[in-house]
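Reader: Could you walk me through this model before I set anything up with it?
Author: Gladly; here it is to look at first.

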Amino acid sequence: MDAMAEPVRVEGGLLEQLYLRHATEAVRFAYLLTGDRALAEDLVQDAFLRVSGRLLYLRDEGAFYGYLRRAIVNLSRSSGRRRQVERRYLERTAAEVPLASLDPDTAEREAMRVALLELSERQRAAIVLRFYEDLSEAQIAEVLRCRPGTVKSLISRGVEALRDVVTIEG
């Protein structure tokens, strides 16, 4: 009986190690994609569940985060309807809290968060993967399942849209 219980403990131990190693950065990544902390945590949990089913087939532990990141991107795309509701809510409540009354750093972060949410899902994903995850255009193309030229276009148009919305004061 002990021999049969051992593989379960090893797999559980591996999943636990991978969770402890990657959960925090995965939640940050998902938050940048969604703009909602609770949704980001839910997406990461769901992504871990999806990827954990493939742990037995994982040859390289270093590849795990790539699979996890792709699962997070796919899950965030699936939650588009929820984000539309959030955008409408933010538009209604944005006028209620003037950003000038907040700490300047907080106001800038909030303005950037709101501006990111205004981008299309693909633009937001490309920008977050490029500037937060520091992936190359080829890696982003693999995650988003598109061509590198499309990634360049998404990033270029997204950055231009962010420049129009967020003014950086020096």
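What follows is a conversation about the fold, the cores, a pocket and a few single residues.

Reader: Before anything else, where does the model come from, and how many helices and strands does the chain have?
Author: The model is predicted. The chain has 8 helices and 0 strands, and read along the sequence it follows the pattern α-α-α-α-α-α-α-α.

Reader: What percentage of the residues count as buried?
Author: Of the 170 residues of the chain, 37% count as buried. As for contacts, if one takes those between residues at least 6 apart in sequence, 70% of them join residues at least 24 apart.

Reader: Let's go inside, then: which residues of the largest nonpolar core touch the most other members?
Author: That core has 36 residues, and the ones that touch the most other members are Phe29, Leu68, Ile72, Ile140 and Leu144. The elements that give two or more residues to this core are H1 (2–34), H2 (37–52), H3 (64–78), H6 (121–132), H7 (137–144) and H8 (148–165).

Reader: And which helix gives the largest share?
Author: The largest share comes from H1, which contributes 8 residues to this core. Apart from this core lies another one, of 5 residues, with Ala115, Leu116, Ile127 and Leu162 among them.

Reader: Pick out Ile72 for me; what is isoleucine 72 in contact with, beyond its sequence neighbours?
Author: Once the neighbours within four places in sequence are left aside, isoleucine 72 is in contact with Ala26, Phe29, Ala30, Leu33, Val44 and Ala47.

Reader: What about alanine 40, buried or exposed?
Author: Alanine 40, which is found in helix H2, is buried, with a relative accessible area of 0%. Leaving aside neighbours within four places in sequence, alanine 40 is in contact with Val27, Ala30, Tyr31 and Thr34. Its C-alpha atom is separated by 8.5 Å from that of alanine 26, and the two residues are 14 apart along the chain.

Reader: I'd also like to know about charged side chains; where does arginine 69 lie?
Author: Arginine 69 lies in helix H3. With a relative accessible area of 12%, arginine 69 counts as buried, because the cut-off for that class is under 20%. Outside its neighbours within four places in sequence, arginine 69 is in contact with Phe29, Leu129, Glu133, Leu135 and Val143.

Reader: And arginine 157, is that buried or exposed?
Author: Arginine 157 has its place in helix H8 and counts as exposed, at 57% relative accessibility. Arginine 157 and leucine 119 are 38 residues apart in sequence, and their C-alpha atoms are 9.4 Å apart in space.

Reader: Switching to rings: how many aromatic pairs does the structure hold?
Author: The structure holds 2 aromatic pairs. Phenylalanine 48 and phenylalanine 64 form one that is tilted, with 5.6 Å from centre to centre and 40 degrees between the planes. Phenylalanine 48 lies in helix H2 and phenylalanine 64 in helix H3, so this pair ties together parts that are 16 residues apart in sequence.

Reader: Are those two phenylalanines buried or exposed, and which residues do the ring pairs link into a cluster?
Author: Both phenylalanine 48 and phenylalanine 64 are buried. The ring pairs link Tyr19, Phe48 and Phe64 into a cluster.

Reader: Now pockets; what volume does the second largest one have?
Author: The second largest pocket has a volume of about 330 Å³. It is lined by 15 residues, and those closest to its centre are Arg50, Val51, Arg54, Tyr67 and Arg70.

Reader: How does that lining break down by class, and which helix supplies the largest share?
Author: By class, the lining of the second largest pocket has 8 nonpolar, 1 polar and 6 charged residues. H2 and H3 each supply at least two residues of this lining, and the largest share, 5 residues, comes from H3.

Reader: Last topic, backbone angles: which residues other than glycine have a positive phi?
Author: Two to look at are aspartate 134, with a positive phi of about 60 degrees, and arginine 145, with phi near 55 degrees. Aspartate 134 is found in the loop between H6 and H7 and counts as exposed, at 59% relative accessibility. Arginine 145 lies in the loop between H7 and H8, and is exposed, with a relative accessible area of 59%.

Key
Residues numbered from 1 in each chain as written. Predicted model: local features only at pLDDT ≥ 70, side-chain atom pairs only at ≥ 80, totals over all residues. Heavy atoms only, no water. Core = buried A, V, L, I, M, F, W, Y, C linked by side-chain atoms within 4.5 Å. Buried < 20%, exposed > 50% of the residue type's maximum accessible area, 1.4 Å probe, protein only. Helix = DSSP H or I, 4+ residues; strand = E, 2+ residues; numbered from the N terminus. Contact = heavy atoms within 4.5 Å. 1 Å grid on protein atoms, 1.4 Å probe; cavity = no way out; pocket = protein on both sides within 12 Å on 5 of 7 lines; lining within 4 Å. Points joined across faces, edges and corners; volume = space filled by probe spheres on them. Nonpolar A, V, L, I, M, F, W, Y, C, P; charged D, E, K, R; others polar. Phe/Tyr/Trp six-rings, centres within 6.5 Å; stacked < 30°, edge-to-face > 60°.
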